[in-house]
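Q: Please take a close look at a single part of this structure and walk me through it. I would enjoy one connected account.

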Amino acid sequence: LDTRHGIGTTVRAVTREEVVRPMTLFLRTCGQEVSLEHLHQVRSILEVENAGLAAGQASAADLEDLHRICGEMESAAADPRIFAVKDDEFHRRLAQTTHNPLLILLLDSIRDLMAEIRTLVAREHGLFERVMPTHMRILESVAARDSRGARRAMREHLVTALRIQNELVVRTTT
């Protein structure tokens, strides 16, 4: 509701930011620690299905954007900061390719947590070589309209990402 002097109270559309901000705050303050495993589980539920749906629904413009982003990721191989930004952009664009605004909103709700993790792992030696092949397999499967292959490639990508994150945690805590 929006109340303005002289106008009264009107109903206005809820913005994406108004939904995502409280969800992100809740995730950070709900009284329980959100572990890498928790985040991995949520990402697996969302992103594996996003990849499968994207394979079935991608338009020519969606595929063009995904190809462009992967090219930009390859160009950023030597710049971890830019690579992390492009990685985030790839995952969000893949969600947009589902053409389901709720899936985009749900992914956005964990985006800040993911950004923190991407910043931490961005400087990992060999990160590009470890994660770029699965990004390419996801894209190839989406472009081939292979939903099962896209889901499989995303699952593999997320397992690789979790492995890298856990390796980093072990090194920084020992």
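A: Here is a walk around helix α4, covering its two helix partners and the cavities that it helps to line.

The model is predicted: local features need pLDDT of at least 70 and side-chain atom pairs count only at pLDDT 80 or more, while totals for chains, interfaces and linings use all residues. Residues are numbered from 1 along each chain as its sequence is written, and side-chain values use heavy atoms, without hydrogens or water.

Let's begin with α4 itself, which runs over 80–96 (helices are DSSP runs of H or I, at least four residues, numbered from the N terminus). One of its partners is α7, residues 127–143. The two pack at about 25°, and their axes lie 12 Å apart (axes are fitted to C-alpha atoms over the stretch in contact, with angles from 0 to 180 degrees between N-to-C directions). That angle makes α4 roughly parallel to α7 (under 35 degrees; over 145 is roughly antiparallel, 65 to 115 roughly perpendicular, the rest oblique). The crossing of this pair is left-handed (near helix turned anticlockwise from the far one by less than a right angle).

From the α4 side, Phe83, Asp87, Phe90, His91 and Leu94 take part in the contact (heavy atoms within 4.5 Å). Across from them, α7 offers Leu127, Phe128, Val131, Met132, His135, Ile138 and Val142. By class, the residues of this contact are 9 nonpolar, 2 polar and 1 charged (Asp, Glu, Lys and Arg are charged; Ala, Val, Leu, Ile, Met, Phe, Trp, Tyr, Cys and Pro nonpolar; the others, including Gly, polar).

Now to the other partner, α2, which spans 36–57. Here the packing angle is about 60° and the axes are 8 Å apart. The pair α2 and α4 is therefore oblique, and its crossing is left-handed. His91, Leu94 and Ala95 of α4 meet Arg43, Glu47, Asn50, Ala51 and Ala54 of α2. This contact comprises 4 nonpolar, 2 polar and 2 charged residues. His91 and Leu94 appear in the α2 contact and also in the α7 contact.

The cavities come next. The whole structure holds 3 of 30 Å³ or more (sets of 1 Å grid points where a 1.4 Å probe fits but cannot get out, lined by residues with an atom within 4 Å of a point; points join across faces, edges and corners, and the volume is that of the probe spheres). The largest has about 160 Å³ of space. Of its 17 lining residues, Asp87, Arg118, Val121, Leu127 and Ala161 lie nearest the centre. Asp87 and Leu127 are also part of the contact between α4 and α7. At least two lining residues come from each of α4, α6 (111–121), α7 and α8 (147–173). The lining is made up of 10 nonpolar, 4 polar and 3 charged residues.

The second largest cavity encloses about 80 Å³. Its lining includes Asp88, His91 and Arg92, along with Leu107, Asp108, Met114 and Arg118. Arg43 and Glu47 line it too, and both of these α2 residues belong to the contact with α4. The helices α2, α4, α5 (101–109) and α6 each provide at least two of the lining residues. Here the classes are 3 nonpolar, 1 polar and 7 charged.

To bring it together, His91 takes part in the contacts of α4 with α2 and with α7, and lines the second largest cavity.

Note on methods. 1 Å grid on protein atoms, 1.4 Å probe; cavity = no way out; pocket = protein on both sides within 12 Å on 5 of 7 lines; lining within 4 Å.
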